[in-house]
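Me: I am new to this structure and would like a close look at a single part of it. Please choose one stretch, go through it with care, and then show me how its surroundings are put together.

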Amino acid sequence: MQCKVCEIGCEINEHSRGRCGTYVKKGGSIIQSPEIGYMGGYPISVETIPMLHFHPSAKFLQVFSTGCNFECQGCVARLLASNRSFGWPTLSPTQVVAKALEQECQGVVSTLNEPAANYYIFRELAVQAKENSLLVGCSTNCYFTEETLEELGGLIDFVNVGVKGYSNSIYRTCGAKSSTPVFRNIAGLLEMGVHVETSVVYSRRNEADVLQAARTLSKVSSEIPLQLMRFIPFGDTPLEQEPSIGDAERLCRAIREHMDHVYLFNSPGTELLHTYCPQCGSLLAEREFHGPMGCRLLKPWTDYACRCGHNVQVKGTAASENFSEAGFMGGYRISRAFGMVHAALTLTLKRL
């Protein structure tokens, strides 16, 4: 049977669990593999997802599982993106919702691994969360089929779409067919009232492709917040692919000719994590680097109107206080932990 969750369209049968490795055929249906569940749930601030124009400073329960429909070089969550089993106890959607309520989170968010790999349990989580008045969102490569997207759009409140680039060739390096479904789905989610932000990967010498991605997004809406993710090499990825912070800042300024709000991540010391009025350039909200792919507000952002009269599009009310994980220096906790373990093992092996 052909899986219809994403555009890759894997054949699922007794010999294949698909690219994600998380689906099985049962009778005349494709179901989630029974051992798949959520491997953890941690409270984070919404800026760690990262979401910058959605309920600023709100507290969300971050959940993750394993599997991904893409195979991207230098993936920050490469271990979770694999379909390997870690032997950890898992949480059911019901347990996740209970934990979110217990810890007084405003909602739940699926990050780290691709929700397309766990679509059926994510769908169940979203339904139960909504029944308990929780907000629901995810980080995704957004390679869903139109059929799946129509259902997904009615289940989630917000999404961060990881855009690999504009060209089909970049998507083929991830094992996908083209970039077309991603931009189509971004437009579709906006039409359904879902709050959308985008994370666009910037590796050295792909400036032209990033600019074309920004131009394409601007035709959908120039108000979509664009987060430029300065590529940091992980695993065996060549160090030469990492652009300098200066190059990334110059690219951000070029992108601002097309998009109203452009932010630079993975770049300590940059001032391009702040929000500026697209009309007059006034500083509206200040943020600082807070670990890989993360940031935090320096003070609560409660007024979205500029003195020039322009209103910045922000969905939801801001929390009166910033939520910060005690004893944690930002970024995704689990991916940073895996990174530390990987580094320690690498050093140990080199010494043997």
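Reply: Leucine 112 is buried, with a relative accessible area of 15%, where buried means under 20% relative accessible area, exposed means over 50% and partly exposed lies in between, using a 1.4 Å probe and protein chains only. This is a predicted model, in which local features need pLDDT of at least 70 and side-chain atom pairs count only at pLDDT 80 or more, while totals for chains, interfaces and linings use all residues. Residues are numbered from 1 along each chain as its sequence is written, and side-chain values use heavy atoms, with hydrogens and water left out.

Leucine 112 sits in the loop between β5 and α3; helices (H or I, at least four residues) and strands (E, at least two) are DSSP runs, numbered from the N terminus. The phi of leucine 112 is near 75°, which is a positive value in a residue other than glycine. Proline 115 also belongs to the loop between β5 (107-110) and α3, and proline 115 counts as buried, at 1% relative accessibility. Leaving aside neighbours within four places in sequence, proline 115 is in contact (heavy atoms within 4.5 Å) with Ser110, Cys138, Ser139 and Thr140. Although proline 115 and cysteine 138 are 23 residues apart along the chain, their C-alpha atoms are separated by 7.3 Å.

Following the chain onward from that loop leads to helix α3, which comprises residues 119-131. Glutamine 128 lies in α3 and is buried, with a relative accessible area of 17%. Not counting residues up to four places away in sequence, glutamine 128 touches Pro93, Thr94 and Val97. Those three residues belong to the α2 side of a helix pair, in which Pro93, Thr94, Val96 and Val97 in α2 meet Ile121, Glu124, Leu125, Gln128 and Ala129 in α3. By class, this contact of α2 with α3 has 6 nonpolar, 2 polar and 1 charged residues, where Ala, Val, Leu, Ile, Met, Phe, Trp, Tyr, Cys and Pro count as nonpolar, Asp, Glu, Lys and Arg as charged, and the others, Gly among them, as polar.

The axes of α2 (residues 93-102) and α3 come within 9 Å and cross at roughly 40°; axes are lines fitted to C-alpha atoms, for helices over the stretch in contact, and angles run from 0 to 180 degrees between N-to-C directions. The two helices are therefore oblique to each other, since angles under 35 degrees count as roughly parallel, over 145 as roughly antiparallel, 65 to 115 as roughly perpendicular and the rest as oblique. The crossing of α2 and α3 is right-handed, a term used if the near helix is turned clockwise from the far one, whereas a left-handed crossing has it turned anticlockwise by less than a right angle.

Beyond α3, serine 133 lies in the loop between α3 and β6 (135-140). Serine 133 has a positive phi of about 60° although it is not a glycine, but unlike the buried leucine 112, serine 133 is exposed, with a relative accessible area of 68%.

A second helix pair, α6 and α7, may help as a comparison. These helices pack at an angle of about 30°, with their axes 10 Å apart, and that makes α6 roughly parallel to α7. The crossing of α6 and α7 is right-handed. Phe183, Ile186, Ala187 and Leu190 in α6 meet Ala213, Thr216, Leu217 and Val220 in α7, and by class this contact has 7 nonpolar, 1 polar and no charged residues. Among the elements that cover the buried residues of α7 are α5 (168-173), α6 (180-191) and β8 (195-202). Just after α6, glycine 193 takes a positive phi of about 85°.

As for the wider setting, the chain has 9 helices and 14 strands, and of its 352 residues, 53% count as buried. Among contacts in the chain between residues at least 6 apart in sequence, 67% join residues at least 24 apart.
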